[in-house]
Amino acid sequence: MKAVILLSGGLDSSTVLYQAKADGCECYTISCDYQQRHRKELDAALKVGKAAGTIQHQVVSFDLRQWGGSALTDDKISLPEQRSLDEMAENIPVTYVPARNTIFLSFALSYAEAIAAERVYIGVNALDYSGYPDCRPDYIQAMQEVFRLGTKQGREGQAIQVITPLINLKKTEIIQLGNQLGVPWHLTWSCYAGSDLACGVCDSCRLRLAAFAELGLTDPIDYV
């Protein structure tokens, strides 16, 4: 069974790749260089993909800085720092990139249909404190219908399936799953900033650190 996995190089998408591998899939990975704040996550995706033994790794490049609208694509918008988990849960954060998962899934769908894949895996999570609108079950259900209606494969009754193994898992449960699957956490990158070391203060770092700490584990990547 062929599968395309959206791989950002972060904790969640790396776990999804290893889950697809455990599911017996032939894994083809795709990363998006949308001119985000740094290239670190793209380097991480390449390393994780190699470690997992993916058949092919694609990088699609486009420029969302042309219109910005997110702290990840506009340097004039500051990254949130030192926020508590409760503060993160209050509203959709400035790190939300407008329609990003719709764009990502469109590229993944095109790649999947071109290679006659049966599945597209994405590491969306509805329980994460960030609360992004394009990580929720109703959104994924709608995109599944797009996959069915918008492709030759779908119209012929063989719609490519959107697989979301993490959608109802807590961050701690994702780490536990990744440990079972053998995810190489030391190769992953979650930080929104792009320095040599993870900042430890952005929302993504704080969520990751809190989950490892709750499990009594040490995050193997280096922080400032």
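**Exercise 1. Is Phe212 buried or exposed, and what relative accessibility supports the choice?**

*Solution.* The model considered here is predicted. Step one is to take the value for Phe212, which has 2% relative accessibility. Step two is to compare it with the cut-off: a residue is buried when its relative accessible area is under 20%. Phe212 therefore counts as buried.

Step three is to look at the ring beside it. Trp185 and Phe212 make an edge-to-face aromatic pair, with 6.1 Å from centre to centre and 90° between the planes. This pair joins distant parts of the chain, since Trp185 belongs to the loop between helix 7 (171–181) and helix 8 while Phe212 belongs to helix 8, 27 residues apart. Trp185 counts as buried as well, at 7% relative accessibility.

**Exercise 2. Describe the overall architecture of the protein chain.**

*Solution.* Begin with the secondary structure: the protein chain contains eight helices and five strands. Along the sequence their order is β-α-β-α-β-α-α-β-α-α-β-α-α.

Next, consider the dimensions. The radius of gyration is 17 Å, close to the 17 Å expected from the globule rule for 224 residues, so the chain is as compact as a globular protein of that length. Along the principal axes, the C-alpha atoms fill a box of roughly 50 × 40 × 30 Å.

Finally, consider burial and contacts. Of the 224 residues, 51% count as buried. Among contacts with a separation of 6 or more, 73% are between residues 24 or more positions apart.

**Exercise 3. Identify the main contributors to the largest nonpolar core.**

*Solution.* The largest nonpolar core has 45 residues, and those touching the most other members are Val4, Tyr34, Leu105, Val120, Phe147 and Cys191. The elements that each supply at least two residues of this core include strand 1 (2–6), strand 2 (26–33), helix 4 (100–114) and helix 5 (137–149). Helix 4 makes the greatest contribution, with six residues.

A separate second core must also be recorded: it has 22 residues, among them Ala3, Leu166, Ile175 and Ala211.

The surroundings of one member of the largest core can then be examined. Leaving aside residues up to four places away in sequence, Tyr34 touches Glu41, Phe62, Asp63, Leu64, Arg65, Leu72, Thr73, Val97, Arg100 and Phe104.

**Exercise 4. Which parts of the chain does the aromatic pair of Tyr28 and Tyr111 tie together?**

*Solution.* Five aromatic pairs are counted in the model. In one of them, Tyr28 and Tyr111 are arranged edge-to-face, at 6.4 Å centre to centre and with 85° between the planes. Tyr28 is in strand 2 and Tyr111 is in helix 4, so this pair ties together parts 83 residues apart in sequence. Tyr28 is buried, with a relative accessible area of 10%. Tyr111 is likewise buried, its relative accessible area being 10%.

**Exercise 5. Compare the settings of three salt bridges.**

*Solution.* The principle comes first: side chains of opposite charge can pair when their charged atoms come close. The model has eight salt bridges; three are taken in turn.

1. Asp33 pairs with Arg39, and their closest N and O atoms are 2.9 Å apart. Asp33 counts as buried at 11% relative accessibility, whereas Arg39 is partly exposed with a relative accessible area of 32%.
2. Asp75 pairs with Arg65, the closest N and O atoms being 3.5 Å apart. Both residues are in the loop between strand 3 (56–61) and helix 3 (85–88), 10 residues apart. Asp75 counts as exposed at 57% relative accessibility, and Arg65 counts as partly exposed at 28%.
3. Asp203 and Arg83 meet with an N to O distance of 2.6 Å. Asp203 lies in helix 8 (residues 203–214) and Arg83 in the loop between strand 3 and helix 3, so this salt bridge ties together parts 120 residues apart in sequence. Both residues are buried.

**Exercise 6. Over the ring of which residue does the charged end of Lys40 sit?**

*Solution.* The ring belongs to Trp189. The charged end of Lys40 is 4.4 Å from the centre of that ring.

Key
Residues numbered from 1 in each chain as written. Predicted model: local features only at pLDDT ≥ 70, side-chain atom pairs only at ≥ 80, totals over all residues. Heavy atoms only, no water. Core = buried A, V, L, I, M, F, W, Y, C linked by side-chain atoms within 4.5 Å. Buried < 20%, exposed > 50% of the residue type's maximum accessible area, 1.4 Å probe, protein only. Helix = DSSP H or I, 4+ residues; strand = E, 2+ residues; numbered from the N terminus. Contact = heavy atoms within 4.5 Å. Salt bridge = Lys/Arg side-chain N within 4 Å of Asp/Glu carboxyl O. Phe/Tyr/Trp six-rings, centres within 6.5 Å; stacked < 30°, edge-to-face > 60°. Lys NZ or Arg CZ within 6 Å of the ring centre and 35° of its normal. Rg over C-alpha atoms; globule rule 2.2 N^0.38 Å.
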